[in-house]
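Please look over the structure below before reading on, and keep it in view while you work through the points. The briefing takes up a sheet first and a helix afterwards.

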Amino acid sequence: MKHYKDNFAHNLLPSIDLQPNYFKGLYEIDMLNCVDKLLDNHIQEDRGNTICIRTFEETWTYQDLYEKANQIAHVLVEDLGLQSGNRVLLRSANNPMMVACWFAVLKAGGIVVATMPLLRSKELNTIIDCAEISHALCDSDLAEEINLVTSDFLKKVSFYRNSDLENLMESKPKTFENYHSKADSVALIGFTSGTTGLPKMTAHFHKDILNICESFPKYSLQPTSTDIFIGSPPLGFTFGLGGLVLFPMYVGASTFLIEKPSPDVLLQAIQDYKITICFTAPTAWRVITTKIQEYDISSLRKCVSAGETLPLKVWQDWYDATGLKIIDGIGATEMLHIFISSNEENMKPGATGKAITGYEAKIIDKEGNDLPRNEAGRLAVRGITGCKYLNREEKQKEYVENGWNITGDIFRQDEEGYFHFVARGDDMIISSGYNIAAIEVESVLLTHEAILECAVVGLPDEERGMLVCAHIVLKEQEIADESLKIQIQNWFKNTAAPYKYPRVINFVTSLPKTETGKIQRFKLK
């Protein structure tokens, strides 16, 4: 039985023998559209008047979101010609219409590819070409870069925020019959950080989306319908999608969305709207700790940190100032969300935590053998979700070994079973919660007319966790000066996503290399 008319995604899934071993979740059924549980059920059970999404400017009930998502689904099918299985790019900051578009795509039988607002046209072009994306729904505030996209795959783009999408929605019915997808139909494609060359596409099913709602939230948060969630991660990150959309809506709670969530803006919202659960990165927790005396955050009951390792000092400073324990966690785009974390009764300061409900984890050596406690090695995980790279068999074989997902992180497990982060196992730079692949920064820098060679590494930094540091060999070394560093940095921000730019630039006369010419980044580190 086919899943969709357009079976692009399913045809590119890795074969079953290359996928990890899965644990059974609650949603191991045949037919399933996750929107039924996350949104439509609230209407059917007379909770439509419950507040669903807040911003500083507006408030949406579940009924509002339901009706707008249904109208957008009609537009997708009737005006934009969406067929089931087509991929739809979402381009927006965190706002209610983006959430409505996300649900609408799944209602119509499409596959969501949500992106971060900072991406430039070159990066969007790569994503669109890789996933053969035919449709895009875009906030008109971000129209400039999407209008520069030249991909032949992209056929229809519709804009919202006082634009054509709202005009088309006006005449549409406020009800829609959701597409009858299978539980293992692909619902979303998440791109890993490398968006130059050929990035990796990770696929997740409708059942995966609901199964993670039974895992981390219940283990760490114990959410109820009275909770109000808030956070800084973009909905283009699966960390943000879970924390700000899936987890609150699974239990009928509400979410507070902020398009530009600075620490002060987060604190203002927590104070004014009595927020109870906050998701953000260690960098933000560090800054927020210095400002809490200026705000009333007494409503806050759960604090979640992910995106990079949480330093013990940040945890301790926050606890000393508030009496609240930050819940650390590690997840991956490949796994959809967090798989190792803690809760207030099961927490060791400085440790990431233990494998949560629905997962198990262990530490292995390079040969795949289990390592004894307290010995650092590769983190291996398996559970209710797992890595499913599309069209990347060689990468699938690297990520999945003997049925286990190998995350690329180096951890150790102590005698009590807690996992402690040691290092990244590759050249990934995690800065302020953003995953930045060194090679993609290098690829951009090498297109600059003055640069001959470069190598990028992560530089430890107390505020951001790591800084992107570029070691650059110029074609003409005599032009090296501070003004050129600034010029290269500004040029980079206009060429690629600004969060990837090298905050530190070192001009060097040569790069350390092996006899075969391979750059020895470990020497630069």
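Two strands count as paired if DSSP finds at least two bridges between them. In this predicted model, an open sheet of 9 strands follows the order 2-1-10-9-11-12-13-14-15, and its pairing is mixed. Strand 2 (59-61) and strand 15 (354-355) stand at the edges with a single partner strand each, so one side of each has no neighbour in the sheet.

**Strand 12 and its neighbours**

- Strand 12 (residues 302-305) points Lys302 and Val304 one way and Cys303 and Ser305 the other way, and all of these residues are buried.
- In general, the side chains of a regular strand alternate between the two faces of the sheet.
- Strand 11 (residues 277-280) runs parallel to strand 12 and is joined to it by 4 bridges, with Ser305 as the bridge partner of Thr280.
- Strand 12 is also joined to strand 13 by 3 bridges, again in parallel, and here Val304 stands opposite Ile327.
- Strand 11, helix 12 (residues 282-289) and strand 12 form a right-handed β-α-β unit, and strand 12, helix 13 (residues 312-322) and strand 13 form a right-handed β-α-β unit as well.

**Strands 13 and 14**

- Strand 13 (residues 326-331) and strand 14 (residues 338-341) run antiparallel and are joined by 3 bridges, with Ile330 opposite Ile340.

**Helix 16**

- Helix 16 (residues 482-495) has 14 residues and reaches 20 Å from its first C-alpha to its last, close to the expected 20 Å.
- Leu484, Lys485, Ile488, Gln489 and Phe492 are buried in helix 16, and because the buried residues fall within an arc of 140 degrees seen down the axis, they line one face of the helix.
- These buried residues pack against helix 15 (438-445), strand 23 (451-461), strand 24 (465-474) and strand 25 (504-507).

Methods: Residues are numbered from 1 along each chain as its sequence is written. This is a predicted model: local features need pLDDT of at least 70, side-chain atom pairs count only at pLDDT 80 or more; totals for chains, interfaces and linings use all residues. Side-chain values use heavy atoms; hydrogens and water are left out. Helices (H or I, at least four residues) and strands (E, at least two) are DSSP runs, numbered from the N terminus. The expected span of a helix is 1.5 Å times one less than its number of residues. Buried means under 20% relative accessible area, exposed over 50%, partly exposed in between (1.4 Å probe, protein chains only). The arc is that of the directions from the helix axis to the C-beta atoms. Contact means heavy atoms within 4.5 Å. A crossover is right-handed if, with the strands pointing away from the viewer, the path from the first strand over the helix to the second runs clockwise.
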